[in-house]
Amino acid sequence: MPNSNITLLQKLSFALAAVGKDVMYWIFILIYVVYLNLNRIDPLFIIFLFLTSSLLSTVTDPMMGFIVDQTKSKYGRFRPWIMLGTIANSIATILLFTWPNLSGTMLYMYIAAVYMFWFISYTIMDIPYWSLIPAFGSKRKDREQMSAIARLGALVGSQLVVLFGFKFVSYISDAFTLNIKNSFIYIAYVGAALFIVTQLFLCLNFRPRFNYIRRRPISFISLKHIITDNDQIKFLIIIGVLIQICSGIVLSVSILYLMDNAITHISVFIITATVAQLIVFISYTHLLTKFTRHQLFVSSAVILVTASSAMLAYSYLNLNSLVLAVSLYVLCAISLSIATICTTVMTADCVDYGEFKVGLRSEAVVFASQTIASKLGAFFTLIVTGFNIPAMCYMQKYTMFSHDDPISFITIATIPVLTLFTLYIYLKFYKLNGPFFSSILDALEELRQRSQIQTSNKLLLRYALNKSAVILNLDVDDLTGCIKALSSKLTDIGYIRNEELFLEQIHKKLIQHPCGIIEGIAIPHLSSPCITRPVIAFARTARGIECNALDGKKSDLIFLIATPKDGVSHLNLLGRLSLLLNDTIFVEKLRCSVSNDDVIENLVRESVKIQKRDL
């Protein structure tokens with residue numbers, strides 16, 4: 001794997017872009033809501049707009065991802081949409097605080113129209129922004145670092161508005177002797193200017209870190225397959241929604257506690273939690289030198305379950321300790337910050353997995369799942385916390401920290417329950433970890449460092465097949481015996497010139513990189529000077545053998561890839577064979593093959609089918 005080529009300037013521009021876009025986001029969800037309250041807009045109408053736009057995102061976000069992935073321009077696929085969305089959203093933000101001389105139904109219609117304009121324009125910019133993460137390269141360290149940088153910038157942007165937004169509005173009102181309602185427009189001007197400058201800075205400095213493998217147009221039919229066939233997207237959406245709900249409940253509980261018990265200490269809550277999250281984002285890549293991402297995600301869930309359970313006890317016992325309340329909130333914030341970075345990187349990994357599984361690379365459609373999860377999570381948070389939020393805004397008497405209120409107590413109790421369910425989904429279904437996925441990233445990255453794959457190379461698979469290198473119903477006890485049987489076949493037909501050296505080299509490789517994949521498939525592979533020409537040998541074992549597969553199952557279909565060190569054929573064979581084996585119907589055909597000729601015929605037929613699909 002090549003070293004990172006991401007420059008400090010690119011990292012800085014990516015972070016500042018996150019600052020700019022989250023300043024706009026928090027102006028919208030915080031400053032604008034207060035502005036609507038001051039103008040006595042019915043809070044139920046605000047809730048209606050929020051719920052409607054959140055549900056609408058399940059359609060608009062993947063469609064926006066589809067449009068971005070289809071874009072062809074000299075500026076790339078992402079930058080045109082980032083700038084278009086930025087300019088449109090800046091206009092929308094100014095319009096939020098610029099009301100024409102309307103009243104009654106017409107005013108509500110105007111608010112609804114501008115609200116939806118803001119929502120859609122932000123989506124136009126937000127999806128291509130997050131899609132840049134996998135475009136920086138498939139090196140895992142780069143992805144972890146860029147995800148942390150983006151989250152760090154987003155945190156800074158949000159806290160700038162939370163800590164200084166209303167102070168800025170009040171300052172403008174006092175400095176220019178304006179009515180407080182007329183001062184809000186100035187924060188829109190400042191936010192829009194910062195937004196445009198930071199996104200322009202990003203677009204000028206962004207450079208993709210690899211050449212794409214030859215792309216074919218993504219149709220509506222293939223869009224369906226990108227979403228439905230990539231099983232990891234489904235689980236990531238579920239995980240993202242659950243994390244967002246937990247985050248929303250923790251925030252709601254903390255705000256309501258402050259309003260009822262310690263409103264004068266709100267800055268202590270915010271600053272302490274912000275500092276803790278900043279430390280997490282800054283130290284995240286260092287933590288990865290000590291722990292795996294899998295361990296960090298699981299640890300974040302354990303911390304959240306522990307802290308939220310303590311929060312539940314705090315509520316039940318009706319305690320009143322500011323230090324303890326701040327400590328519990330900070331622990332929850334730390335755990336949710338770690339989980340958020342992890343899911344961002346998991347989404348980037350899902351882009352490569354989708355390319356591997358479906359044969360199509362679609363950054364924007366895949367990252368649309370992240371924005372959908374965030375919006376659906378916010379939607380369900382409102383459902384879980386109840387419609388007491390408007391009452392909170394007006395009466396400031398409601399608190400979820402009283403055990404006398406069974407609804408609020410149950411609401412807090414949902415945090416550990418949802419967290420444990422999230423952990424179950426992750427441990428049970430998420431599989432983009434370990435050496436298998438690392439080998440996918442390695443293969444894709446090396447292919448991108450070369451020129452685009454030529455058609456002659458795509459035809460290589462059929463010429464690497466030989467019915468004399470097929471063994472059906474092989475009766476061996478372990479992988480060593482299977483590889484020995486296959487290497488003997490290859491030696492007999494002249495594909496291996498030194499069998500002893502070959503066995504020594506491949507066993508060393510298997511110690512570092514197990515060959516088991518999933519669903520009973522294993523692909524041991526080696527590129528060595530002792531191999532005379534590219535070949536794929538195949539064995540179907542009688543009872544399955546242990547190959548350290550990700551799903552824990554024994555492997556009964558063993559594909560041994562052996563190639564000379566020509567720098568091309570090894571990756572081509574591995575990539576093309578992997579695409580074939582992602583078709584479960586085809587895999588079952590191999591299990592049912594009755595002869596060597598039948599196996600070769602099925603492999604050739606399927607490889608031709610994929611080749612035609614790529615043209």
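Gln277 touches Leu155, Ala333 and Ser337, when residues up to four places away in sequence are not counted. In this predicted model, Gln277 lies in helix 9, which spans residues 266–290. Its relative accessibility is 16%, and because buried means under 20% relative accessible area, Gln277 counts as buried. This residue offers a starting point for a walk through the chain.

The chain as a whole holds 22 helices and five strands. Of its 615 residues, 55% are buried. The contacts also reach across the sequence: among those between residues at least 6 apart, 81% join residues at least 24 apart. The area that the chain exposes is about 26,200 Å², and carbon and sulfur atoms supply 64% of that area.

A second buried residue with a polar side-chain name to follow is Lys375, found in helix 12 (residues 363–385). Lys375 has a relative accessible area of 16% and is therefore buried. Once its neighbours within four places in sequence are left aside, Lys375 is in contact with Ser54, Ser57, Asp61, Phe119 and Thr123.

The next part of the walk concerns helix 3 and the helices beside it. Two packed helices are described by the angle between their axes and the distance between the axes. Helix 3 covers residues 79–96 and helix 4 covers residues 104–135. The axes of helix 3 and helix 4 come within 8 Å and cross at roughly 150°. Angles over 145 degrees count as roughly antiparallel, and helix 3 and helix 4 are therefore roughly antiparallel to each other. The crossing of helix 3 past helix 4 is left-handed. On the helix 3 side, the residues that meet helix 4 include Trp81, Ile82, Gly85, Thr86 and Thr93. On the helix 4 side, those that meet helix 3 include Tyr110, Phe117, Trp118, Pro128 and Leu132.

Helix 3 also packs with helix 6, which runs over residues 180–205. Here the axes come within 9 Å and cross at roughly 175°. That angle makes helix 3 roughly antiparallel to helix 6. Among the helix 3 residues in this meeting are Arg79, Met83, Ser90, Thr93 and Ile94. The residues that they and their companions meet in helix 6 include Ile185, Ala188, Tyr189, Phe195 and Cys203.

Thr93 appears in both of these meetings, with helix 4 and with helix 6. Thr93 is found in helix 3, and at 0% relative accessibility Thr93 counts as buried. Apart from its neighbours within four places in sequence, Thr93 is in contact with Met24, Ile27, Trp118 and Ala188. Trp118 is among the helix 4 residues that meet helix 3, and Ala188 is among the helix 6 residues that do so. Thr93 and Tyr115 stand 22 residues apart in sequence, and their C-alpha atoms are 8.9 Å apart in space.

The cysteines close the walk. A disulfide is a covalent bond between the sulfur atoms of two cysteines. When a disulfide is taken as a pair of cysteine sulfur atoms within 2.5 Å, the count in this model comes to zero. Cys203, one of the helix 6 residues that meet helix 3, counts as buried at 8% relative accessibility. Cys530 is likewise buried, with a relative accessibility of 3%.

Key:
Residues numbered from 1 in each chain as written. Predicted model: local features only at pLDDT ≥ 70, side-chain atom pairs only at ≥ 80, totals over all residues. Heavy atoms only, no water. Helix = DSSP H or I, 4+ residues; strand = E, 2+ residues; numbered from the N terminus. Buried < 20%, exposed > 50% of the residue type's maximum accessible area, 1.4 Å probe, protein only. Contact = heavy atoms within 4.5 Å. Areas by Shrake-Rupley, 256 points an atom, 1.4 Å probe, with all protein chains shown as cover. Axes fitted to C-alpha atoms, helices over the stretch in contact; angles between N-to-C directions. Parallel < 35°, antiparallel > 145°, perpendicular 65-115°, else oblique. Left-handed = near helix turned anticlockwise from the far one by under 90°.
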